[in-house]
Amino acid sequence: MTDLYQRLGGAPAVDAAVDRFYRRMLADERVAHFFDDTDMDGQIQKQKAFLTMAFGGPHNYSGRDMRSAHAPLLAKGLDDSHVDIVVAHLGGTLKELGVDDSTIGEVAAIAESVRNDVLSR
Amino acid sequence: MGELHYRGEPVAFETGESALDALERADLGPKGVCRAGLCGACLVRVRAGDVPERARQGLAPRMVAQGAAFACCLVGPGPFDLVDLGDAGTCQATIEVLETIGRDVVRVGLRTEMPLDFRPGQYVVLERADGIERSYSIASLPSDAHVELHVRRTPGGALSPWFFDAGALGQSVRLRGPLGTCCYEPGRPDQALVLAGAGTGLAPLLGILRDALAHGHRGPIDLYHGARDEGGLYYRAELGALARAHQNLTVHGCVLAEPAVDRTLRTLGLGDAVLADRSTLEGTRVFLCGDGTLVKSLKRRFFLAGAASRDLLSDPFELSPKPARVAGA
Ligand SMILES: Cc1cc2nc3c(=O)[nH]c(=O)nc-3n(C[C@H](O)[C@H](O)[C@H](O)COP(=O)(O)OP(=O)(O)OC[C@H]3O[C@@H](n4cnc5c(N)ncnc54)[C@H](O)[C@@H]3O)c2cc1C
Ligand code: HEM
């Protein structure tokens with residue numbers, strides 16, 4: 001796992017991706033409302049956490065942490081379609097940064113592995 | 001056994017564990033989520049101690065300048081002396097100047113008992129003798145004779161109307177701070193700067209502007225001051241004089257109601273004016289101050305227009321005293 005993180009470029013790669021990724025989320029009206037009324041600086045920090053996790057980097061989030069972080073979003077209608085959108089924007093961001101398709105596939109697989117926790121299933 | 005202090009009190013601390021582990025065990029302050037220097041929930045201010053690079057990985061320079069670090073990455077034995085991010089000292093001050101500078105705006109000049117070690121753009125929490133406290137941004141530079149505030153009258157407000165009453169002159173108040181990270185960082189002198197604010201949002205912007213000029217900032221600087229109507233703008237002459245003295249500075253007055261007197265004003269909202277003047281904000285450093293709702297919506301809009309999150313600095317005037325907040329990148 002950490003091998004993937006190294007190949008992607010580690011923490012600097014997260015920094016390079018975070019604005020692009022978050023701008024895509026805010027510009028997509030299908031998911032932007034999940035980020036309403038939240039402080040942007042704090043959100044950028046959370047998005048870095050998300051990217052570090054998806055890039056296979058070091059973190060200590062448990063499945064339970066993912067459930068509680070996303071539970072308020074379930075009440076706002078979070079479902080599989082939104083996870084698909086997030087995974088697609090993640091891939092789009094990496095493509096813009098010149099990452100190859102098979103590596104993007106590895107990242108998408110990590111994000112997929114959290115799907116059930118994010119949706120509290 | 002390690003050594004850890006939090007808010008001035010000793011906390012049991014083992015070698016090899018993190019400061020966050022120790023604080024959680026003692027049921028004090030921050031709770032962690034990710035424990036890997038990511039989520040930002042455990043950010044603290046380090047007053048003393050050797051901070052490993054990992055504990056500041058990815059934090060904006062303005063956060064580092066404030067002493068911020070992830071408590072989950074501060075590993076024993078220490079020693080570490082930690083306080084909350086928003087924690088700051090206090091000092092007494094005397095109100096020595098009260099001058100009306102605009103419709104319902106008064107300039108308050110404070111003489112502090114000790115020099116206040118602030119950076120232009122920061123704010124203080126001002127407490128009157130009866131215990132009522134509100135936040136106000138500093139409009140002056142540390143080299144000025146007074147710590148200056150611009151206070152707008154909130155009709156019926158608990159504190160602000162007091163400054164419009166001559167009885168406040170000579171009164172003693174308590175200041176907590178300085179707080180806030182909306183400041184000019186030297187180092188990229190050719191970058192384009194945009195400063196935008198409504199009403200007394202001009203106060204911190206004026207400090208930031210003068211600080212940038214004092215640092216010899218060479219890139220173009222555009223200051224946008226907005227108000228509902230032209231009577232709500234102030235310091236037009238002072239800003240005009242600054243612009244004449246500095247070739248790279250342009251001042252824009254923006255109002256929503258058609259101006260009757262000053263035809264140089266633009267009838268545009270702040271966000272529209274800023275975006276009418278450039279096709280992208282990519283590479284531009286942006287400072288946003290004033291009314292909280294306006295600042296937050298402009299911040300999002302300007303981020304979508306290409307401004308980098310690290311280059312979007314803001315000081316939202318929330319209505320109630322502001323708690324310490326996570327402000328990551
Ligand atoms: C970080 C920070 C920096 C600030 N800097 C400045 C500054 O430089 N200059 C300045 O003038 N103020 C500034 N403020 C706002 C200031 O702290 C007070 O909120 C303001 O002066 C009103 O206080 P008050 O006691 O007079 O009114 P309060 O008694 O707090 O409020 C009275 C009523 O007015 C409403 N109200 C309060 N403020 C507003 C508003 N802005 N618009 C609409 N309704 C309002 C309240 O909801 C309430 O109903 C800042 C706030 C923050 C958090
Ligand atoms: C695909 C798998 C996903 C992963 C791995 C993931 C991961 C994360 C992580 C690590 C955090 C930070 C938690 C914290 O420290 O508090 C987070 C927060 C957040 N996520 Fe996700 N996420 C996923 C899907 C989604 C989806 C589909 C949405 C909505 C469209 C979403 C919206 C959010 C929001 C709004 C927050 C911030 C919550 C807050 O402010 O506390 N996430 N996510």
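What volume does the largest pocket have? In this predicted model, the largest pocket has a volume of about 1,200 Å³. A total of 44 residues line the largest pocket. Closest to its centre are B:Arg152, B:Thr200, B:Gly290, B:Asp291 and B:Phe317.

Several elements of chain B each give two or more residues to this lining. The strands among them are β9 (133–137), β10 (147–152), β13 (221–227), β15 (285–291) and β16 (312–317). The helices are α3 (202–214) and α5 (270–276). β9(B) gives the most, with 4 residues. Two domains of chain B take part: domain 2 (90–179) and domain 3 (193–317) each supply at least three residues to the lining of the largest pocket. By class, that lining holds 19 nonpolar, 15 polar and 10 charged residues.

The second largest pocket encloses about 960 Å³ of space. Its lining comprises 39 residues. Those closest to its centre are A:Lys46, A:Gln47, A:Ala69, A:His70 and A:Leu73. Five elements of chain A give two or more residues each to this lining: α2 (10–27), α4 (40–54), α5 (63–75), α6 (80–96) and α7 (101–113). The largest share, 8 residues, comes from α4(A). The lining of the second largest pocket divides into 26 nonpolar, 8 polar and 5 charged residues.

Chain A also holds a buried acidic residue, A:Asp28. A:Asp28 lies in the loop between α2 and α3 (29–32) of chain A. Its relative accessible area is 9%, so A:Asp28 counts as buried. Leaving out residues up to four places away in sequence, A:Asp28 touches A:Ile85 and A:His89. A:His89 is 61 residues from A:Asp28 along the chain. The C-alpha atoms of A:Asp28 and A:His89 are nonetheless separated by 9.6 Å.

Cysteine pairing was examined next. The count of disulfides over all chains is 0. B:Cys73 is in no disulfide, and the nearest cysteine sulfur, that of B:Cys72, is 3.7 Å away. B:Cys73 is buried, with a relative accessible area of 2%. Why does B:Cys289 form no bond with B:Cys182? The sulfur of B:Cys182 is the closest cysteine sulfur to that of B:Cys289, but the two are 4.0 Å apart, which is too far for a bond, because a disulfide requires sulfur atoms within 2.5 Å. B:Cys289 is also buried, at 2% relative accessibility.

Terms used. Residues are numbered from 1 along each chain as its sequence is written. Chains are lettered from A and ligands numbered from 1 in the order in which they are written. This is a predicted model: local features need pLDDT of at least 70, side-chain atom pairs count only at pLDDT 80 or more; totals for chains, interfaces and linings use all residues. Side-chain values use heavy atoms; hydrogens and water are left out. On a 1 Å grid over the protein atoms alone, a cavity is a set of points where a 1.4 Å probe fits but cannot get out, and a pocket is an open set with protein on both sides within 12 Å along at least five of seven lines; lining residues have an atom within 4 Å of a point. Grid points are joined across faces, edges and corners, and a volume is the space filled by probe spheres set on the points. Ala, Val, Leu, Ile, Met, Phe, Trp, Tyr, Cys and Pro count as nonpolar, Asp, Glu, Lys and Arg as charged, and the others, Gly among them, as polar. Domain bounds come from an automatic or database domain assignment. Buried means under 20% relative accessible area, exposed over 50%, partly exposed in between (1.4 Å probe, protein chains only). Contact means heavy atoms within 4.5 Å.
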